[in-house]
Amino acid sequence: MSTFDAVPDLGLNWLDASGDHAEIVLSTRVRLARNLQGHAFGPRARVNDREAVLSRVRQHSDRLDSLEGATVLHMPDLDARRRTILLERRLASRELIGSADADPANGTAVVVSGRHPLNVMVNEEDHLRLQSVVSGLRLREAWSQVDRLDEELGRELPYAFHHEFGFLTSCPTNTGTGLRASVLVHLPGLVLTKEISKVLHALGQVGLTFRGLYGEGSEVVGNFFQISNQTTLGKSEEDLLDHLDQVVRKVIQHEREARQVLLRDAGSVTEDKIWRAYGLLRYARSLSFEELMNLLSGVRLGVSLKLLPELRVYTLNKLMIFTQPAHLEEAAGRDLTPSESDAHRAAFVRRILGSEGDVSPDGPESSDERPAPGA
Amino acid sequence: MDCENCGEADAVIHLTQVVNNKMSSLHLCEQCAAAKGLETEGPPAASFPLQEFLAEMGGESPAPAPAPVDEKCGFCGLTFQGFRKAGRLGCPHCYISFEGHLRALLGRIHNSTQHVGKVYLPPDPTASQLERRLEGLRGQLRRAVDAEDFERAAGLRDEIRILEAEGVT
């Protein structure tokens, strides 16, 4: 098992923007909630329940094909900053990492596969949260990955399963398939043309729900929305995924139409907004994360409309991740005050946009070998 | 940043509008955004009013069968009242302990109480578990064929054959 330091790209496979519709759909995530027989669920689990669950997962994680070369990150062994980095990379939830001033619960861990876009949260609300995150709109691919891991783990560990209710979970909203599929979409066209509230309302009517970038309870920033299935019982996994896929494709179509309306009816204003956003990003000396996200939204729109042809979606994806507070502190090697953080963020953005190279705070600059979007 | 409409609450929605070729930005709190038709949360149909469901089940509405206060899970000791308060079950056995109440609750949340997805096969399955898994796989195979997903259908067919062979031996 490697340590945190040995895997700087942990969980970042989806950044490469290689998936379908990657200029609008950042990532597709499919997760399965699973629990083991004979142990209390997360909130009521005693220390030995949690440690027994983690021990069984550790025992098998090296032997499963899906988790080949896996890294097991035990939350109590990590400092608060590194735990927050896992949150910022969407590998861990707030509940799993605990708070900055309190130790996380014993037995809480994240297992990250070395070869596949897969990870497992251990001892969160449910004993296991199996998750696959891939670039673009690729629900079937994410499902196929996580399904295979589920089959492999389920052959080794006795899952809690009921012939009528399906997979048993701590919260009844996950019972049945335990499947939550989320597609992270960028919808500036629908926001700018004020069509977004109609779209969001329609999602509710067809049994889907939306949230902000970081999931439950988070705000919508930078016009990024997560669209997910709402129910998990009474439909097969394939039906849940197909339904979400169909609806997201319609949302993408509306978004594309809205962008064309913007260009047609307010082309000069739209172009000005995009170039102003790009100018601010390139030259600002201080950027809050919220401001960055809103500017990135404009620049992303510009890239998609081919108004900023020299930029690539991969670069923008990377900017979103590496400019989050804990990532900046990790790069600086120390805690940062909010104003220092804003200055470091602006400097990092200038460096990336100035060079357009593959620069990460974890390592030296190198040429960008990842595929261009749509390639 | 304060809301530009009421100036009191924090702005959580940042809206850029283009009207008559002029762009303007609006920073609004949740309440003012909702008043202008832009919701930060899903519309009522999109949210899970789980606490409301649970409250109704406990007799706070004219629900016909309030749960007895001392009903308790024999494995983890969670009471039904405790579940209603937290919205989380204590262990897999709670699904047996509170089966009747949960069936009603699951029906309301999901519009169904019958799982039709993957059928789990435990490490040392009994004959009936094996048969249930086979039934589930046959259903998945039918759906894959209907959807013309032949690659998946082929995989399911192979799995069914392997399990059928195991069942015979």
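How much area is buried between chain B and chain A? About 5200 Å² is buried between the two chains, and carbon and sulfur atoms give 59% of this area. Keep in mind during the tour that this is a predicted model.

**Stop 1: chain B alone**

Select chain B and show it as a cartoon. Chain B has seven helices and two strands. Follow the chain from the N terminus: the order of its elements is β-β-α-α-α-α-α-α-α. Chain B has 169 residues, of which 38% count as buried. Among the contacts in chain B with a separation of 6 or more, 31% are between residues 24 or more positions apart.

**Stop 2: where the chains touch**

Now show both chains and select the residues in contact. On one side there are 58 residues of chain B, and on the other 68 residues of chain A. Next pick out B:Tyr95, B:Lys118 and B:Tyr120. In chain B, these three lose the most area to chain A, and together they make up 15% of what that side buries.

**Stop 3: polar links between the chains**

Turn on side chains at the boundary. There are eight salt bridges between chain B and chain A. To see one of them, select A:Arg140 and B:Asp149, whose closest N and O atoms are 3.1 Å apart. Polar contacts between the two chains come to 23 residue pairs, counting those with both residues at pLDDT 80 or more.

Colour chain B by element. Those giving two or more residues to the side that touches chain A are strand 1 (13–19), strand 2 (22–28), helix 4 (94–97), helix 5 (99–110), helix 6 (127–146) and helix 7 (150–168). Which element of chain B gives the largest share of this side? It is helix 5 of chain B, with six residues. Colouring by residue type instead divides this side of chain B into 27 nonpolar, 18 polar and 13 charged residues.

**Stop 4: the nonpolar cores**

Move to chain A and select A:Val30, A:Val122, A:Leu128 and A:Leu130. They have the most contacts inside the largest nonpolar core, which has 54 residues. Helix 7 of chain A (residues 237–283) gives the largest share of this core, eight residues.

Centre the view on A:Val122. Leaving out residues up to four places away in sequence, its neighbours in contact include A:Val53, A:Leu54, A:Val57, A:Leu96 and A:His127. A:Leu128 is also touched by A:Val122.

Last, select A:Ala17, A:Val133, A:Leu295 and A:Ala346. These residues belong to a second, separate core of 41 residues.

Note on methods:
Residues are numbered from 1 along each chain as its sequence is written. Chains are lettered from A and ligands numbered from 1 in the order in which they are written. This is a predicted model: local features need pLDDT of at least 70, side-chain atom pairs count only at pLDDT 80 or more; totals for chains, interfaces and linings use all residues. Side-chain values use heavy atoms; hydrogens and water are left out. Contact means heavy atoms within 4.5 Å. Buried area is the accessible area (1.4 Å probe) that two parts lose on being put together, summed over both. A salt bridge is a side-chain nitrogen of Lys or Arg within 4 Å of a carboxyl oxygen of Asp or Glu. A polar contact is a pair of N or O atoms within 3.5 Å; within protein, one must be able to donate a hydrogen and the other to accept it, and residues adjacent in sequence count only if both atoms are side-chain atoms. Helices (H or I, at least four residues) and strands (E, at least two) are DSSP runs, numbered from the N terminus. Ala, Val, Leu, Ile, Met, Phe, Trp, Tyr, Cys and Pro count as nonpolar, Asp, Glu, Lys and Arg as charged, and the others, Gly among them, as polar. A nonpolar core is a set of buried Ala, Val, Leu, Ile, Met, Phe, Trp, Tyr and Cys residues joined through side-chain atoms within 4.5 Å. Buried means under 20% relative accessible area, exposed over 50%, partly exposed in between (1.4 Å probe, protein chains only).
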